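Subject: Structure for you to look at

Hi,

Here is the structure I promised to pass on. Could you open it up and keep it next to this email while you read?

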Amino acid sequence: MRLVVAITGASGAIFGIRILEELKKKDIETHLIVSKWGGFTIEQETGFKVAEVEKMASFSHDVNDLSAVIASGSIKTDGMIVAPCSMKTLAGIAIGFADDLITRAADVTIKEKRRLLLMPRETPLSPIHLENMLKLSRLGVIIMPLMPTFYTRPETVDDIINQTVSRALAYFGVETEHARRWKDLF
Ligand SMILES: Cc1cc2nc3c(=O)[nH]c(=O)nc-3n(C[C@H](O)[C@H](O)[C@H](O)COP(=O)(O)O)c2cc1C
């Protein structure tokens, strides 16, 4: 299995990092792209350096390298996750403005009819953000905003992160040990 993972400059870099950690545990091939502001939030919000996060992936690509393998539809992937997804990258994907490797790889994922999952984070959401999400959702893109659940009774921030990540990875058929569903609680 091969997945593209992108980390952009919305708050919540730890979600992208946790996704990489879980995929590494499962020996799934990952192609990581970190935007300039994704790199900033990684270092500002978490204890990780960008270089450490890049080492968690099987392959790491420069966000400006439009000649990278994942810029082409000819390399087969099982899909792409953008976590967290900024409103700027979301807008770029929604209009097909593929000027960096993240928006290009997402564009490829859509055109090749592969699974694309975005984890947007912003509050409050403007009509522009909502329209972009609606447009993408209608194309089959999975819009999974970073919204915690409390019915799982999280005790730590890590519990919240793991629950969200396990739900996201389930869309790709990847089960994590953290998956807790409503029925598991009774
Ligand atoms: C500390 C910090 C937090 C940010 N949080 C958000 C956010 O939660 N959502 C968002 O859409 N943009 C957020 N931004 C703004 C984006 O980083 C900015 O729009 C940037 O151009 C996104 O570029 P990228 O999508 O290429 O990473 C934040 C910026 C900074 C510096």
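Below is what I found in it, starting with the sheet and moving on to the helices and the cores.

One thing up front: this is a predicted model.

**The sheet**

There is an open sheet of 6 strands, paired in parallel, and the order across it is β3-β2-β1-β4-β5-β6. The edges are taken by β3 (59-61) and β6 (142-143); each has a single partner strand, so one side of each has no neighbour in the sheet.

Have a look at β4. On one flank, β4 (residues 80-85) runs parallel to β1 (residues 2-7), and 3 bridges join the two. On the other pairing, β4 goes with β5 (residues 116-120), again in the parallel sense, over 4 bridges. V82 is a handy residue to click on: its bridge partner in β1 is A6, and its bridge partner in β5 is L118.

How much of β4 is buried? 6 of its 6 residues are, so the strand is largely enclosed by the rest of the structure. In a regular strand, side chains alternate between the two faces of the sheet. Here M80, V82 and P84 sit on one side of β4, with I81, A83 and C85 on the other, and both faces are covered.

**Two helices that pack together**

Next, find α1 (residues 13-25) and α7 (residues 157-170). They pack at an angle of about 65 degrees, and their axes are 10 Å apart. The crossing of α1 with α7 is right-handed. From α1, the residues in this contact are I14, F15, R18, I19, E22 and L23, and they meet D158, I161, N162, T164, V165 and L169 of α7. Sorted by class, that contact comes to 7 nonpolar, 2 polar and 3 charged residues.

**The cores**

Nonpolar side chains tend to be buried together in soluble globular proteins. In this model the largest nonpolar core has 30 residues, and the ones with the most contacts inside it are I7, I19, L23, L32, I42, L117 and M119. Elements giving two or more residues to this core are β1, α1, β2 (29-34), α3 (50-56), β4, β5 and α7. The largest share, 6 residues, comes from α1.

M119 is worth a click too. Leaving out residues up to four places away in sequence, M119 touches I19, V82, A83, P84, C85, M144, L146, T164 and A168. Apart from the largest core lies another one, of 23 residues, including A68, A71, I102 and M133.

Cheers

Notes
Residues are numbered from 1 along each chain as its sequence is written. This is a predicted model: local features need pLDDT of at least 70, side-chain atom pairs count only at pLDDT 80 or more; totals for chains, interfaces and linings use all residues. Side-chain values use heavy atoms; hydrogens and water are left out. Two strands pair if DSSP finds at least two bridges between them. Buried means under 20% relative accessible area, exposed over 50%, partly exposed in between (1.4 Å probe, protein chains only). Axes are lines fitted to C-alpha atoms, for helices over the stretch in contact, and angles run from 0 to 180 degrees between N-to-C directions. A crossing is left-handed if the near helix is turned anticlockwise from the far one by less than a right angle, and right-handed if clockwise. Contact means heavy atoms within 4.5 Å. Ala, Val, Leu, Ile, Met, Phe, Trp, Tyr, Cys and Pro count as nonpolar, Asp, Glu, Lys and Arg as charged, and the others, Gly among them, as polar. A nonpolar core is a set of buried Ala, Val, Leu, Ile, Met, Phe, Trp, Tyr and Cys residues joined through side-chain atoms within 4.5 Å.
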